[in-house]
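Reader: I should like to discuss the packing of helices and the pairing of strands in this model. Please begin with the term on which the strand pairing rests.

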Amino acid sequence: MGEDHQGAVLSAETLSEAPRRTSMLLRLLEERNPAAQVLRARPPADRPVEEAVRFPFLAIVGQTEMKLALALALINPAVGGVLLMGARGTGKTTAVRGLLDLLPSVERSLCPYGCEPEAAYTLGFHMVCKDCARKLGHGEPITAPDRMRLIELPLNARLEDVVGGLDEQAAVEGKVRIRYGLLAQADQNLLYVDEVNLLDPEIVNAILDAAALGRYTVRRGPLAATYRARLVLIASMNPEEGALRPQIHDRFGLRVVVRGLSDPEDRLEVYRRVRLFRSNPYALVAQWAHETAAAAAEIAEARRRLPRVTIPPELERQAINWIHQLGIESSRAEIALLEAARAYAAADGREVVTLQDLRAVALMALRQRRSPFVTTFVAQQEKEDQEIMAIIHNWHRRSNRQRKAGRRGGKR
Ligand SMILES: [Zn+2]
């Protein structure tokens, strides 16, 4: 019996530790210090100048966990966003802007009402407008592929800029109309919020709610409008400049601690690349053009593979067991852990999640989820509940005893 059990554990371990084909993407992301080979690639000519000169994502030295978390969020938006925590100058914003070269394409509705074919095919043709129903009936597309975009939240954004509000221009013309905010623009896009810890809590809550639900309703007086906001949220913060409330931490799928590089060689390599980028940005972009194109293609491929990626039930139970042992209350923990593991397997070209995939993403999915306040609160509540039950139980026993004593008295 004992041997059987051990055998089962051993086989699960062996399976997951078996050598696997590591994709180019994971290799590029996980190499400690990828040394760029100077490729004879020309700088991409079909892009505007300002777009072609950002620091290449893959040329960021080290910071493996940050690069991996960002790539996983692009592959599977269901991981629930990424929070980058680290001091200034650790490359957080450079990394997020570098993602522009890796962004996949998404299907966007061509209809002003935002009709989507999935709604019609799942819930019926009454879910789309007449025009779209007709097009679908004729086999015409109502969506078209479009590149995902990076939307940056301006530091001075007001709540109405973010969620939307009354259209002031229309008001001047005597009309009442709702103007969509930044969240609506961020639908199916990447939304980057720098210094999230310094932002008005009302704005942070609106963004987190929209990111969690994939839609947002703005109400102004008698008017209300709901719009889609299926966004991949990436936020960064410098812990030196103020803490983020613990309940906010839990609302990000993945949390990455971005540390300064400790290896002197790595630091020198950063200096060399930054110097090259300053003197001739095209040269650095060209050096990394081949790897960047390969990584972008792999991310797109991983997104196509993701719907087929499954998790064996014993690994699902393993994940829940870890979360239970850690005393994490929030269900977001297993959603982030399991969805990140699926994205990791998809990135590696596989359709079944292994224990190794879970391990690769466990830290970023599970750290900073425990809430000392909630743990103490729950423990205190359990103690009070026990006291209440003890009193009720004692009273019940006492009254039973009294009833029995009364019956005995009656017999006498
Ligand atoms: Zn329509």
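Author: Two strands pair if DSSP finds at least two bridges between them. The model discussed here is predicted.

Reader: Which strand do four bridges join to β1?

Author: Leu84 of β1 stands opposite Ser236. The two strands run parallel, and the partner that four bridges join to β1 is β10 (residues 232-237).

Reader: Which residue of β11 stands opposite leucine 84?

Author: Strand β11 (residues 254-258) runs parallel to β1, with five bridges between them. Opposite leucine 84 in β11 stands valine 256.

Reader: How many residues of strand β1 are buried?

Author: Val82, Leu84 and Gly86 point one way from β1, while Leu83 and Met85 point the other way, and all are buried. Strand β1 (residues 82-86) is therefore largely enclosed by the rest of the structure, the number of buried residues being five of the five.

Reader: Are α4 and α15 roughly parallel or oblique to each other?

Author: The axes of α4 (residues 64-75) and α15 (residues 289-305) come within 9 Å and cross at roughly 50 degrees. Angles under 35 degrees count as roughly parallel, and 65 to 115 as roughly perpendicular. The two helices are therefore oblique.

Reader: How many polar residues does the contact of α16 with α18 have?

Author: Helices α16 (residues 313-326) and α18 (residues 355-366) pack at about 30 degrees, their axes 11 Å apart. Leu315, Gln318, Ala319, Ile323 and Leu326 of α16 make the contact with Leu355, Leu358 and Leu366 of α18. By class, seven of these residues are nonpolar, none is charged, and the number of polar residues is one.

Definitions and conventions. Residues numbered from 1 in each chain as written. Predicted model: local features only at pLDDT ≥ 70, side-chain atom pairs only at ≥ 80, totals over all residues. Axes fitted to C-alpha atoms, helices over the stretch in contact; angles between N-to-C directions. Parallel < 35°, antiparallel > 145°, perpendicular 65-115°, else oblique. Contact = placed C-beta atoms within 7 Å. Nonpolar A, V, L, I, M, F, W, Y, C, P; charged D, E, K, R; others polar. Buried ≥ 20, exposed ≤ 12 C-beta atoms within 10 Å, placed from the backbone.
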